[in-house]
Amino acid sequence: MRTPNKSTRCLLAFVAVALTGCVGTTGGEEFSFQAFARGPEGVSAPYGFVNGKGYSVSLERARVHVGALYLNRSVPTSVSASTSCTLAGIYSAEVPGALDVDALSDVPQPFPITGDATSDRARTGEVWLTGGDVNDPSDTTVILDVAGTAAREGESHAFEGKLTIGENRVQPTPPAEPGLKPICKERIVSPIAVDVTPARGDHLTLAVEPAKMFANVDFSELTPNADGTLEFDDDPATATPASTNLYIGLRASSGVYSFTFEP
Amino acid sequence: MFLSSRLGSCRLANLPDFMPSAAKLRRIIASLSFALAATGSCITSRAAAADVTPPTLVREVAPEWPGGTSAERDVLVPVVLTVRADGTVSNVAVSESRGADFDAAAVNAALDWRFEPARRDGVAVAARIRAVVRFAAPAAAEPPPAALPAPTPAPPPPESAPKPRTTTPAAPPAPPPGGAPPQTTEPEAEVIVEGRAATPPRGASDYAVNVGELARVPRKNASELLKLAPGVYLTNEGGEGHAERIYLRGFDAREGQDIEASVDHIPVNESGNLHGNGFADLHFIIPELVLSLRVLEGPFDPRQGNYAVAGSADYETGLTQRGVTAKYTFGSYGTQRALVLWGPPGESTHTYGGAEIFHTDGYGQNRDATRGRAMAQYEGRLGAHTLFWLSGAAYSDSYHSAGLLREDEVTSGRKGFYDTEDAHQGGDGTRFQLAADIETKAGDFVLYQQLFAIRRAMRLRENFTGFLLDGQEAIQEPHLQRGDLIDMHVDESTFGGRGWARTQGTALGQTQELELGYFARGDSVDATQQRIAAATDVPYHTDTALHSNLADIGLYGDVALRPLDWVTLRGGARIDLFSYDVLDACAVQDVSAPNPSNPPGDVSCLDQQRGGAHREPNQRSSTASTKLMPRAALLLGPFSHVSFSLAWGQGVRSIDPSYVTQDVKTPFASVVSEEAGVLYAHSFSDLSVVARSVFFRTHVDRDLVFSETEGRSVLGGGTTRTGWTGALRLTNALLDENANVTLVRSTYDDTHLLVPYVPDLVVRSDTALGTDLPLTLLGRTPRGSLGLGVGYIGRRALPYGERSDTIVTLDGSAALRCGPFELELEVTNLLDTRYKLAQYDFPSNFPASPGAPPTLVPARSFAAGAPRMVFLTLGATIGGS
C-alpha cells in the first residue's frame, strides 16, 4: 500500500481542518408548518352536552374568530404582573392569521397562512381573539357566535349570542396605573398550558371545546328577546351573570383550547 | 519610527551595490553604531545588523537624455528618494541641480526604479536614501575631463550604440550642462527610516501589511484595508457612516469592541459608547493616507491594551505621492467625491495633508450619505536624534440607513431587495482629534511619548425589531405599539497619552532588549438612548441616560531574550487599571406600587420608589479593578528562510458602564489565546515571497452576544475558537498579491454549539498589477495598473441551526497614469451579485397592514450587499514627484 507523500498528507490535514470548521450547528431548527383548527374529536352539529348548571345544551352554532396563535417557551403562570400583551419569553411557534373556527366540526380547518416555528419545546399557548389590532379597543369583530337550545327540568329555550371584545371590554383602571388593563389582555387567552415540541413536517392543530365555555352558564339568567330566544348580552355593564360567564368561558385558559403538534 | 536613524549602520553585507566605498561605509557605520548604540531602534551595531537591512536596487531604469541626445560624458544627478515599504520609489528630490531638463529626467527615471525595501526586524519599512542617477555617455570607458558638456544637445547615439546605463555609484557628478562646474559630491551611504518605531513582531499572526499597490483594489473605506489581514469579514447594516461590524478569526468583534484599533498609535476605540463599549469608527481615515497597517490577531504583545480580545489593528498614515494631488470621483447612484492630498516635496512621507468631501444618494432606499474629513500630519526633526509628529483629523458625516430587511417580506414581494423597513434609520457623527508624538534617543534609551485629545459625537437611529418592544406598562397611558426605533447619542471627550523607553544590551553574545511603557486615557462620556414614535418622530421613552467618567491606566514591560542567535523569547506583562464613575440619570424606570399622583403619565425616569416614596431619579455608581495580562512569544529561526513561532497571551475587554454596580469589582471579559505558526520569507531575484501558516486557539470567558432588542451586543457566556490561517504575499515590480484563508470553529463552552454569525471560512485575495505601457502618451510613458479583490465567505452559522448564504464578491479597477494625470475606473461587485452582506435571525414585527398580528417567532433578516457600482476618478498632481 502506498504511503501518502508529504504534500498529500498536508492536503488531507487541510481538508480535515476545513471540514471541522464548516460543520456543526447552533442548535435547533426553523421551519414553516400548516395550522388547523377544529372542534372536539367526533363532534358535529348539533353538539349536545350537559353543563355545570345542569342544562342539557344542544349547540347548533359555535363559531370562534381566532386572530392568531402563538406558542411560547416559557412555563405558564396563572398570574402575570406584566401588562404587556406578549410574554417575555421566546416564542417558538406562531400562526399570525385569522380563522373563523367552526367548533362544531371535527374536520381540521386550515388557517389561511402557514405558521412559523423553531424546534424549541413550547410550554405556553396563546389564542388571540381579535379581529384586528390586538391593542385597538375599537374593533367590533364578533369573536364568538353561538346558538342552540338549553333544557332543564322540562323547560327548553333557544338561545343565541354574539360576543365582541372591544370598547365594551375596556376595564376601569386606577388613576396611577392607566395602562394596567389594556384591551389586549382581554383578547389574549393565556397562559394555556401546553407541552409540544414543533418538528419539521408536523402540523399544528388547535382544538376548541365549546362545551367548556358554557360550564357556568345559567340560562335562566338570560333575557329573552322579542321572539323569545334567550340572548347573551355583549355589554358587560348590563350583562347578566350568564353572559359574563360565557365570556369568561370564551377566555378560559384551561379546558377550552388545546394544542397538538403532530405529523 | 525612525529616530535619527542613520540606518546605514545596518548589515554591511546587504548594502546595495550603488553604495559608496566600503571604507567610507565602515566609517559611517562605526560612527553611527557608536552614536546610536544600545537603542532599541535597530540602531546599535548588533541590533542593527540583526534587525535592519537597507533597500537594495532590483530594477534599474535608464534615464532619458534630455532632448533624446547624449553628451560625450556621463552626467550624474544626485537625488534623495524614498523607497516605500513595497519597494517602489516616491518623493524624489534632486540634491544638486544639473539643469531643469536633467533634473526632471532623473526624477522620472528614479521613480521607475524598484527596490527590495529596507527591513527593520524583518518588516519592510519606508526608507529615505541618497542615490545618483547617471546619464551614461554612449562610450564612457574613460572618465571625461571635468569640463562642461556641450551646451547644445549632442546628436543622438547611433542605433548600434550601447543604451544609456543607469547606475548609482559614488562617482563625481558631471557639471551641469550649460552651468558652472558643480562641487563634486559623493552620495552618502545613509538610510533614513521614516516614521515611528516599528514594534517587534510577535510571531506568524503579526501582520505588518504594506498597502502599496494594493491600494488599487477598490475599497469603500479604511476599514476594508483590514481585509488584507487573514480572517477578516466586514458587514454593515447601519449605513454608509456607521462603523463596520468586524469579524476576525472567529470573533464577532462587533464595531471594534473586540479589536483594539488605533491610527499612528492614537486610540480609536470609544470607551463608554452606548452602542458598544469600545466602538471603533474608522471612517475618519482617508484611505489614500494609509501606508500600512499592523494587525496582530491575538493578545500577544504587552503594548496591546483594552479591547485587544480578538487582536489589534494599528494604521500607519502617510503619503508617498509628493506635491498636490486633486481627485474627483463620480459614479453610480449619484456618488461624488472630491479629494485633495498634499505632500510637501522633500519632506517625509509622514508629512502630509488631505481633505475629502463625499456624497452619495446610495443604492436602493434610504442609503444616502454625506461626509467630509481631513487629516494632516507633520514629521519634523529636532537635532540629530529626535523626531516629532504633530497630527490632526476632523470628520463629520450624516447618513441614512436601510437597516435590516426581513427575508420573508422580500420573498412575498412586499419589499424589494434594496428596500428598508424603517426610513427613519441613519445617523450622524463627528470626530476631531489632535496628537503630538516625539521619539528621541537619550543616552542608552530610545524614548517615545505621545499625547492625544479626541472629541467625538455620534448619533445613531436603528430599528431592528419594528413594533415589538413598546410594551404597555401599568403607569403608562394605554397605547398601541409606537415603534422600536432607537435613537442613541454619545458625546465623548478623550484625553491621554502613551510612552515607552527602550534599551538593549549584549549578553550571552546576543542582543537583549527591554522596553517599559505606559498607556493612559480618560474619557468623559454622555450617552443616551431613547425610543422614537414612528408616527410622529417624537421620543416616547428614555431607555438609558448615563454620564460616565472612565479611566484606563496601563503599565507594561516587554523583553526580548536571545539565548541563541536563532532563539528569541519576547514577552512580558501588562497591568491595567480601569475605573468607573457612572451617573445613571434614569435609574428608576419601574416601581411596584406607584403613587396615584406620581409619576405623571408616561414619564420614563421616575422619582419615586416602592410605595410612592420620593427619591431622585438618578444614581451614581463607581468601581475600579485591575487586570494583569502576561504575554509571550517564542520565535525560532530563520532556518533557510523559515521561522517558527509559538505565542500565548491574555487580553481584556473592559465592561460597559451600563453594567457597573457600586463597589462590585468590574467583571472583565478575559481572553486567553495561543497559537503556533510558521513563516517563510524570501526574495527570489525581484520576487518577494512571504507565506504563513498558523494554528490558533482562543477562549473568552464572557463573550458578547448580539441583542436585537438592545440594538447592540450584550454579555453572554464563554466561547472557544480553534482554527487555521494561511496567508501569502507575493511582490515584485509587476505584481502584488496578498491572499489568505481562514478556517475557524467557534463554540459556546457550555453547549458546544456554534457561535452564530461568525464566518468559519474566509478567503480573500487582493491583486495589483502595474507596469509601464509600451506606448507614448503626451510625450510620456504611461503606467497602467489593475486591481482585483476577491472575497469568499462560507455559509455562516445562524441561530436555530440555520446557515447563511455563501458570499462571493469581485471588485476591480483599472488605472492609467501619465505624467501628472491619472484616470481610474473602479467597479465594485463586478458580477452584480445580489448578495446578503449580513444575515440575522431574531423576532421582529413589521406588520403588513396596520394592526395585523405581530410576528414573534425568530425570522431571517438581512442587510443587502451593494449592487454593481461603477466609479470614474480623474486625478492630477502638481508640484511633486
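This passage describes the domains, chain contact, a helix, a sheet and the nonpolar cores of a predicted model. Residues are numbered from 1 along each chain as its sequence is written, and chains are lettered from A and ligands numbered from 1 in the order in which they are written. In this predicted model, local features need pLDDT of at least 70 and side-chain atom pairs count only at pLDDT 80 or more, while totals for chains, interfaces and linings use all residues.

Chain B is assigned domain 1 (7–147 + 154–193), domain 2 (206–296) and domain 3 (311–324 + 352–878); such bounds come from an automatic or database domain assignment. Between domain 1 and domain 2 of chain B, seven residues of the former are in contact with six of the latter, contact being defined as C-beta atoms, placed from the backbone, within 7 Å. On the domain 1 side, four of these residues are nonpolar, one is polar and two are charged. Here Ala, Val, Leu, Ile, Met, Phe, Trp, Tyr, Cys and Pro count as nonpolar, Asp, Glu, Lys and Arg as charged, and the others, Gly among them, as polar.

The contact of the two chains takes 42 residues from chain B and 41 residues from chain A. On the chain B side, strand E36 (719–731) and strand E37 (735–748) each supply at least two residues, and E37(B) gives the largest share, three residues. Helices (H or I, at least four residues) and strands (E, at least two) are DSSP runs, numbered from the N terminus. The chain B side divides into 26 nonpolar, 11 polar and five charged residues.

In chain A, seven of the 10 residues of helix H4 (residues 241–250) are buried, that is, 20 or more other C-beta atoms, placed from the backbone, lie within 10 Å of their own (12 or fewer: exposed; in between: partly exposed). Among them are A:Leu246, A:Tyr247 and A:Leu250. The buried residues of H4(A) pack against strand E11 (142–152), strand E12 (155–164) and helix H3 (210–213) of chain A.

Chain B holds an open sheet of five strands in the order E10-E16-E17-E14-E15, with mixed pairing; strands pair if DSSP finds at least two bridges between them. Its edge strands are E10 (206–210) and E15 (266–267) of chain B. E10(B) runs antiparallel to E16(B) (residues 290–296), joined by five bridges, and B:Val209 stands opposite B:Leu293.

The largest nonpolar core (buried Ala, Val, Leu, Ile, Met, Phe, Trp, Tyr and Cys residues joined through C-beta atoms within 7 Å) has 142 residues, and those touching the most other members include B:Val77, B:Ile259 and B:Val290. Apart from it lies another core of 66 residues, among them A:Leu246 and A:Tyr247.
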